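Colleague: I have the sequence and the coordinates open side by side. Could you talk me through what is in there?

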Amino acid sequence: MPSLSPLRAAVQRCVPDTLFGRLALLLIAAVIVSHVLALTLMFELRPAHPGHPPGPPPHAVAADGRPLPPPGLWNAPPSLQLGLLLDISVRLTALVAAAWWAARWLSRPMRRLATAAQELGRDIHRIPLPEDGTLECRDASRVFNQMQARIRQQLAERDRFVAAVSHDLRTPLTRLRLRTESLGDAHAQRLFRRDIAEMDAMIASTLDYLRGVAGVEAWVHLDVQALVDSMADDQVAMGHSVTVAGRAAPLRVQVVALRRCLDNLVGNAVRYGGSAEVTLHDAADALTIEVRDHGPGLPPEELNRVMEPFYRVEASRNRQSGGVGLGLTIASDIVRRHGGHLALRNAEGGGLVVAAVFPRSAF
């Protein structure tokens with residue numbers, strides 16, 4: 001019924017979202033309702049006089065003809081009222097505390113499972129869940145551990161496949177390089193070298209993406225400011241215009257992966273915009289690294305699609321302009337592995353801004 005929708009929405013807003021909250025609310029409500037019903041029955045069925053059968057109290061009058069007040073809690077002596085209320089309060093407090101503890105105890109395995117699922121995306125090699133608790137919790141933990149083991153096995157098979165493909169592809173490239181040196185035509189030799197270098201770079205980018213870039217790299221607390229400054233100095237030494245603004249405190253990261261992420265972002269900015277402006281925005285909850293170029297920007301509908309693997313806005317197959325289509329994908333994967341996200345937007349006045357957000361509370 002349409003008239004029930006606002007009421008249902010109001011009730012849903014009042015109900016807790018967590019399993020612990022709902023269990024606690026249910027148990028506390030059950031305790032309170034049971035006490036209210038018990039007290040109601042106790043006073044409704046209380047006999048009016050000793051030996052009087054349970055039921056409604058008879059009409060009683062005093063010696064002078066005035067009606068006597070019916071028996072009940074509020075007509076009892078103050079000492080009896082205080083003692084009864086104190087007894088009810090103590091028992092109700094004890095039962096509510098027990099309900100609160102029971103809710104936490106019952107919901108603890110689910111919280112542990114949810115935490116493990118969140119950590120699994122960042123560290124596939126985490127310690128398996130202990131298979132204890134109730135039967136349902138043991139079954140859920142066992143299935144979760146089996147899923148983790150299968151994923152680790154698939155990743156190991158993928159790594160072996162990537163290593164085999166890397167060897168099989170690079171071997172003929174090495175032979176082509178050696179045969180190129182024997183060419184008598186200098187112009188043809190230069191063209192062959194350029195094509196071989198392009199193939200080598202494409203293979204390296206693809207294999208890096210397939211092996212997950214830096215999935216097994218150690219986590220360390222890094223001076224991000226020094227890393228960004230060093231990367232900018234390297235770009236300037238190669239003749240590129242790269243500037244750095246802002247400050248950043250140390251952050252727990254995977255060093256090689258973060259360096260590759262920033263190299264990809266700055267490399268894209270230099271390739272498509274001619275220069276790169278790196279800005280650090282540090283806060284208590286997150287570090288944001290923005291890389292801006294002064295190129296043509298992107299159509300609004302392409303801002304999310306460019307992070308898909310092998311997708312390029314430019315249809316050209318020339319790597320100097322179109323690239324392979326993996327730079328932003330690898331950068332996005334690295335940022336996501338650090339618990340953050342990558343966001344793109346067109347800058348005012350032209351150009352593209354890529355913001356990499358790294359939460360400080362993710363680990």
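Colleague: Let me start with a side chain: is tryptophan 105 buried, partly exposed or exposed?

Modeller: Bear in mind that this is a predicted model. Tryptophan 105 counts as partly exposed, because its relative accessibility is 47%, and buried would require a value under 20%.

Colleague: Where does tryptophan 105 lie, and which residues make the nonpolar surface patch?

Modeller: Tryptophan 105 lies in helix α3, which covers residues 78-120. The patch is made by Trp101, Trp105 and Leu106, and its area is about 370 Å².

Colleague: Stepping back, how many helices and strands are there?

Modeller: The protein has eight helices and seven strands. Of its 363 residues, 31% are buried, and the protein exposes about 22300 Å², of which carbon and sulfur atoms supply 62%. As for contacts, if one takes those between residues at least 6 apart in sequence, 62% join residues at least 24 apart.

Colleague: On to the strands, then. In which sense do β2 and β4 pair?

Modeller: Strand β2 (residues 241-245) and strand β4 (residues 275-282) pair in the parallel sense, over five bridges, and serine 241 has serine 275 in β4 as its bridge partner.

Colleague: And what about β4 and β5, in which sense do they pair?

Modeller: That pairing is antiparallel, with six bridges between β4 and strand β5 (residues 286-292). A hairpin joins β4 to β5 through three residues, and the bridge partner of glutamate 277 is arginine 292 in β5.

Colleague: Changing topic, how many salt bridges does a search of the whole structure find?

Modeller: The search finds nine salt bridges. One of them is formed by glutamate 131 and arginine 142, with the closest N and O atoms 3.6 Å apart. This pair links distant parts of the chain, since glutamate 131 is in the loop between α3 and α4 (135-180) and arginine 142 is in helix α4, 11 residues apart.

Colleague: With which aspartate does arginine 142 form a salt bridge?

Modeller: Arginine 142 forms a salt bridge with aspartate 139, where the closest N and O atoms are 2.9 Å apart. These two residues are three apart in helix α4, so about one helical turn separates them. In general, an α-helix has 3.6 residues a turn, so residues three or four places apart point the same way.

Colleague: Are aspartate 139 and arginine 142 buried or exposed?

Modeller: Neither word fits, because aspartate 139 counts as partly exposed at 33% relative accessibility, and arginine 142 counts as partly exposed at 33% as well. Glutamate 131 also counts as partly exposed, at 40%.

Colleague: Which residue forms a salt bridge with arginine 193?

Modeller: Glutamate 181 is the partner, and the closest N and O atoms are 2.9 Å apart. This pair too links distant parts of the chain, with arginine 193 in helix α5 (residues 186-210) and glutamate 181 in the loop between α4 and α5, 12 residues apart. Coming back to the earlier residues, salt bridges that share partners join Glu131, Asp139 and Arg142 into one network.

Colleague: Last one: why is helix α8 largely enclosed by the rest of the structure?

Modeller: Helix α8 (residues 327-337) is described that way because nine of its 11 residues are buried, among them Leu328, Ile330, Asp333, Val335 and Arg337. After α8 comes glycine 339, whose phi is positive, near 85°.

Conventions
Residues numbered from 1 in each chain as written. Predicted model: local features only at pLDDT ≥ 70, side-chain atom pairs only at ≥ 80, totals over all residues. Heavy atoms only, no water. Buried < 20%, exposed > 50% of the residue type's maximum accessible area, 1.4 Å probe, protein only. Helix = DSSP H or I, 4+ residues; strand = E, 2+ residues; numbered from the N terminus. Patch = residues over 30% accessible without salt bridge, like charges linked within 9 Å, V, L, I, M, F, W, Y side chains within 5 Å. Areas by Shrake-Rupley, 256 points an atom, 1.4 Å probe, with all protein chains shown as cover. Salt bridge = Lys/Arg side-chain N within 4 Å of Asp/Glu carboxyl O. Contact = heavy atoms within 4.5 Å. Pairing = 2+ DSSP bridges.
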